[in-house]
Amino acid sequence: RKKLVEIKNLKKHFVVGKDAVLKAVDGINFDIYEGETVGLVGESGCGKSTAGRTIIRLYDATEGQVVFGGKDIHSMNKEELKGFAKETQMIFQDPYASLNPRMTVGDIVGEGIDIHGLYKGKERMARIYELLEIVGLNKEHASRFPHEFSGGQRQRIGIARALAIEPKFIICDEPISALDVSIQAQVVNLLIKLQKEMGLTYLFIAHDLSMVKHISDRIAVMYLGHIMELTTSEELYNNPLHPYTQALLSAIPIPDPEIEKKRERVILEGDVPSPINPPQGCKFVGRCKYAMDICHQVTPEYKEVKPGHFVACHLMDQ
Ligand code: SF4
Ligand code: MG
């Protein structure tokens, strides 16, 4: 398979005070192949959204590279950046806040078409109607305003807006977290259907592992600016190797009471520590029940422990 995005030692730090640096993303490495979905999972504050935004250059990277279609996006010239902007889109978490309440749905969906000068007049309207139908809405909706729609419908509008410029790569930043559970599966299924039909590539950000399995080919688990584990969805659910992944998985309820009874639950205590003064060594050390002396001093190397299965944990050396 062909690599679409290569993320190499990517860092995004924010200066937040005189001597304080918030290391939101602190050296992440992974590739995204054409047509696949990579899930990016972690508790809130672990750097997932910042990673997503830096990967499509809504933020400039502090260090490292994002190679898209063979070119480093941070050294693209103006013309190349315009091309890159046309290939990438983002779907946001909050379908309430991310749609301009004063714009009609048609103009919201048509914004990218206008910016990139793709269609005008009748053709533009025809394209907007087509997009609304693709996401399960209809042309009557074009003249209405966002407040007239439910959360699930608004997220469909957000998806139509993202599709308008025919991107290759879409960052879905917790697109279902703000929606009713009953609506979540519908939106995920729509995203899967669109991916198949249009050959889209997704980075799908989520704060827990319950919904990502269904949509992701591979999953990266992030903690305090670092990737702790990355492998196929199958392997991650059946054979999680990082203690943090194991804890996240054990938080998902299992519908079968027999299995549920036998299962050992790992309770994650406390919150993610502040990325402003992260602990030395392994970032998970304060919450890990396997923590050893070395974990306090040395950051474990992120390495491939089995083909395609990457883990950053000192336990892998034993
Ligand atoms: Fe736990 Fe140590 Fe592994 Fe970190 S490196 S996850 S502290 S065992
Ligand atoms: Mg976020």
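This report walks through the overall build, the strands and helices, the ligand shell and a few single residues of a predicted model.

## The chain as a whole

Let's start with the big picture. The protein chain holds eleven helices and twelve strands. Laid along its principal axes, the C-alpha trace spans about 70 × 50 × 40 Å. For 318 residues, a compact globule would come out with a radius of gyration near 20 Å, and the chain's 21 Å agrees with that.

Buried residues account for 38% of the 318. If you take the contacts between residues at least 6 apart in sequence, 64% of them join residues at least 24 apart.

## What the record says

UniProt, in an unreviewed entry, puts the feature "domain: ABC transporter" at residues 5-249. Over that stretch the model is 37% helix and 27% strand. The C-alpha atoms at the two ends of the stretch sit 27 Å apart.

## The four-stranded open sheet

One open sheet is built from four strands in the order S2-S1-S4-S5, with antiparallel pairing. Its edges are strand S2 (21-33) and strand S5 (71-72), each of which pairs on one side only. As a reminder, strands of a sheet pair through backbone hydrogen bonds, either parallel or antiparallel.

Inside that sheet, strand S1 (residues 3-15) and strand S4 (residues 63-68) run antiparallel and are joined by five bridges. If you want a spot to look at, find Glu6, which stands opposite Val67 in S4.

## S9, S10 and S12

Further along the chain, strand S9 (residues 218-223) pairs with S10 in the antiparallel sense over six bridges. The two strands make a hairpin with two residues between them. Leu224 is in that turn and has a positive phi of about 50 degrees. Across the pair, Met222 stands opposite Ile227 in S10.

Strand S10 (residues 226-232) is mostly covered, with six of its seven residues buried. S10 also pairs with strand S12 (residues 309-312), again in the antiparallel sense, over two bridges. There, Leu230 has Phe310 in S12 as its bridge partner.

Ala220, in strand S9, is worth a click. It has 26 C-beta neighbours inside 10 Å, so it counts as buried; the cut-off for buried is 20 or more. Leaving aside neighbours within four places in sequence, Ala220 is in contact with Phe30, Val38, Gly39, Leu40, Ile227 and Leu230. Gly39 is 181 residues away from Ala220 along the chain, yet their C-alpha atoms are separated by 6.0 Å.

## Helix H3 and its cover

Helix H3 (residues 105-115) has a run of buried residues: Val105, Gly106, Ile108, Val109, Gly110, Gly112 and Ile113. What covers them includes helix H4 (121-134) and helix H5 (151-163). After H3 comes Gly117, with a positive phi near 55 degrees.

## The shell around ligand 1

Now for the ligand. Ligand 1 is surrounded by 13 residues, and the closest are Cys282, Cys288, Cys295, Cys313 and His314. By class, the shell has twelve nonpolar residues, one polar residue and no charged ones.

## Three loop residues

Gly17 lies in the loop between S1 and S2. With 8 C-beta neighbours inside 10 Å, Gly17 counts as exposed. Its C-alpha atom is 9.9 Å from that of Ile276, although the two positions lie 259 residues apart in terms of chain separation.

Two loop residues have a positive phi without being glycine. Arg57, in the loop between helix H1 (48-55) and S4, has a phi of about 60 degrees. Arg57 counts as partly exposed because it has 17 C-beta neighbours inside 10 Å. Glu166 is in the loop between H5 and strand S7 (169-173), and its phi is near 50 degrees. With 14 C-beta neighbours inside 10 Å, Glu166 is also partly exposed.

Notes:
Residues numbered from 1 in each chain as written. Chains lettered and ligands numbered in written order. Predicted model: local features only at pLDDT ≥ 70, side-chain atom pairs only at ≥ 80, totals over all residues. Rg over C-alpha atoms; globule rule 2.2 N^0.38 Å. Buried ≥ 20, exposed ≤ 12 C-beta atoms within 10 Å, placed from the backbone. Contact = placed C-beta atoms within 7 Å. Near = placed C-beta within 6 Å. Nonpolar A, V, L, I, M, F, W, Y, C, P; charged D, E, K, R; others polar. Pairing = 2+ DSSP bridges. UniProt positions renumbered as here; feature names shortened; annotations may be inferred.
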